[in-house]
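Visitor: I would like a close look at one part of this model, please. Could you pick a helix and walk me through its packing, and then point out anything in the backbone that deserves a second glance?

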Amino acid sequence: MRYTSDSLKTLTDTVLRGFGCNEKEAMIVSDHLILANLTGHDSHGIGMLPMYALQVRDGNLIPNQTPVFHDPIGAISVVDAQRGFGHHMTLLALDHAMKTIDEHRVAVLGLRNAGHVSRVGTYSEYCAAKGYVSIHFVNVVGHQPLVAPYGSKEAGFATNPISMAMPIEGQAKPLLDMATSTVAFGKIRVASNKGETVPLGYLVDADGVPTTDPNPMATAKSGALSAFGEHKGSGLGLFAEILAGALAGQETIADAKYIPEGVFNNMFSIIVDPSAFDSADEIARRTTQFYDFIKAKPTAKGVDELLMPGEPEKISQKERLANGIPVDAETMRQIYEVAELFDMNEAQLKPMLVEA
Ligand code: NAD
């Protein structure tokens with residue numbers, strides 16, 4: 001079923017208020033989740049609400065948290081999100097870190113102990129809207145490793161995402177925002193539920209051998225996801241763990257505790273004022289020139305259009321704003337189910353939805 005983004009936003013906002021988020025936080029988190037759905041990343045949209053609900057119930061995710069802002073040392077700021085909603089805490093942390101830019105033209109942020117920060121590209125977009133270049137590395141703790149380091153038959157880290165963007169007229173363009181695994185675990189579960197195989201390169205089996213069979217991983221976590229690009233993607237995932245976990249945070253997956261429903265993030269960010277290098281307009285002009293130079297390249301056989309990083313999300317956003325966001329019945333069922341933990345129910349929530 002497809003629903004209008006506005007009606008899904010109203011429902012999401014209401015559910016988050018039910019979790020205990022105040023008006024501002026509910027607005028920030030629901031904006032984030034609906035944008036993830038609009039941009040085509042349903043794995044990081046409203047389907048996260050059931051996990052957040054259980055985390056809030058168990059006291060592992062805390063609505064309306066006040067982060068601890070450590071005084072900057074030079075251009076380096078450390079913010080402890082104290083398990084607050086990552087979507088909100090990260091914006092507060094970026095605002096705090098970016099105060100050093102006036103003096104240093106750069107801000108380096110270590111965000112630790114955050115609830116799930118979800119779609120990392122949101123933070124590149126936030127920095128780009130202020131005219132800044134940014135790079136973000138994130139590690140994921142709280143659950144068991146899912147991704148095999150290259151050459152291993154056992155998972156060693158999570159899907160550790162990376163995002164970076166250039167600012168062009170307040171937009172993040174191009175915007176690269178990606179997990180360092182080939183695909184998210186959710187895609188393995190979906191293939192298994194549908195009785196389909198997955199392409200080689202997504203998974204290794206319990207012997208560390210590439211496999212197309214999603215079932216052992218989906219049903220028994222036997223085997224592991226593969227990092228993208230063999231040893232190179234594995235190396236990037238490993239460095240996201242080190243930069244976000246060992247350097248900026250205070251835990252890597254090697255020593256973090258496993259918690260039921262646990263998915264928490266640490267983030268290492270570098271935010272740069274481009275005008276320290278040249279006029280910001282000149283840098284934007286050169287970036288756009290290069291962007292157009294690449295866009296004008298002839299497409300490979302079988303490819304309709306060469307897309308730049310960030311373009312698939314823009315295309316999805318336009319289409320879903322016009323035609324609604326598809327949400328499967330199981331996702332809605334799970335949301336209604338957890339809503340009951342917070343004295344809400346389907347009868348109250350369902351009428352908020354408007355079919356597109
Ligand atoms: P993806 O594979 O769909 O896209 C990755 C990047 O490739 C994007 O920048 C996209 O614009 C670009 N891209 C996609 N198709 C393209 C094409 N044909 N040509 C050129 N560029 C193309 O994304 P993903 O790796 O599945 O990640 C999905 C989301 O999950 C991201 O938003 C990421 O931040 C998020 N994530 C979050 C966590 C967390 O713990 N918070 C963990 C993992 C992933």
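Guide: Happy to: what follows is a tour of helix α2 and its helix partners, and then of a pocket and some backbone details. Please keep in mind that this is a predicted model.

A word on how to read the packing: two packed helices are described by the angle between their axes and by the distance between those axes.

Let us begin with α1, which spans residues 5-19, and α2, which spans residues 23-38. Their axes come within 9 Å and cross at roughly 140°. An angle over 145° would count as roughly antiparallel, so α1 and α2 are oblique to each other. The crossing in which α1 passes α2 is right-handed. On the α1 side, the residues involved are S5, L8, K9, T12, D13, L16 and R17. They meet E23, A26, M27, V29, S30, D31, L33, I34 and L38 of α2. Sorted by class, this contact of α1 with α2 holds eight nonpolar, three polar and five charged residues.

Now turn to the partnership of α2 with helix α4, residues 86-97. Here the axes are 8 Å apart and the packing angle is about 105°, which means that α2 is roughly perpendicular to α4. From α2, the contact draws on K24, E25, I28, V29, H32 and L33, while α4 supplies H87, H88, M89, L91 and L92. The classes in the contact of α2 with α4 come to six nonpolar, three polar and two charged residues. Notice that V29 and L33 of α2 have already appeared in the contact with α1, and here they take part in the contact with α4.

The next partner is helix α11, made of residues 311-323. It packs with α2 at an angle of about 100°, the axes being 8 Å apart, so α2 is roughly perpendicular to α11. L35, N37 and L38 of α2 make this contact with E313, S316, Q317, R320 and L321 of α11. By class, the contact of α2 with α11 has three nonpolar, three polar and two charged residues. L38 of α2 is in this contact, and L38 also figures in the one with α1.

From the helix contacts, let us move to a pocket. The second largest pocket has a volume of about 300 Å³. Its lining consists of 18 residues, and those nearest the centre are Y150, V204, P210, S226 and E230. Eight nonpolar, seven polar and three charged residues make up that lining.

E230 leads us nicely to the backbone. Most residues other than glycine have a negative phi, and most peptide bonds are trans. E230, which lies in helix α9 (residues 230-248), has a positive phi of about 50° although it is not a glycine. K221 also has a positive phi, near 50°, and is likewise not a glycine. You will find K221 in the loop between α8 (215-220) and β11 (224-226). Last, look at the peptide bond joining K173 and P174: it is cis, with omega about -5°. P174 belongs to strand β8, residues 171-178.

Definitions and conventions:
Residues are numbered from 1 along each chain as its sequence is written. This is a predicted model: local features need pLDDT of at least 70, side-chain atom pairs count only at pLDDT 80 or more; totals for chains, interfaces and linings use all residues. Side-chain values use heavy atoms; hydrogens and water are left out. Axes are lines fitted to C-alpha atoms, for helices over the stretch in contact, and angles run from 0 to 180 degrees between N-to-C directions. Helices (H or I, at least four residues) and strands (E, at least two) are DSSP runs, numbered from the N terminus. Angles under 35 degrees count as roughly parallel, over 145 as roughly antiparallel, 65 to 115 as roughly perpendicular and the rest as oblique. A crossing is left-handed if the near helix is turned anticlockwise from the far one by less than a right angle, and right-handed if clockwise. Contact means heavy atoms within 4.5 Å. Ala, Val, Leu, Ile, Met, Phe, Trp, Tyr, Cys and Pro count as nonpolar, Asp, Glu, Lys and Arg as charged, and the others, Gly among them, as polar. On a 1 Å grid over the protein atoms alone, a cavity is a set of points where a 1.4 Å probe fits but cannot get out, and a pocket is an open set with protein on both sides within 12 Å along at least five of seven lines; lining residues have an atom within 4 Å of a point. Grid points are joined across faces, edges and corners, and a volume is the space filled by probe spheres set on the points.
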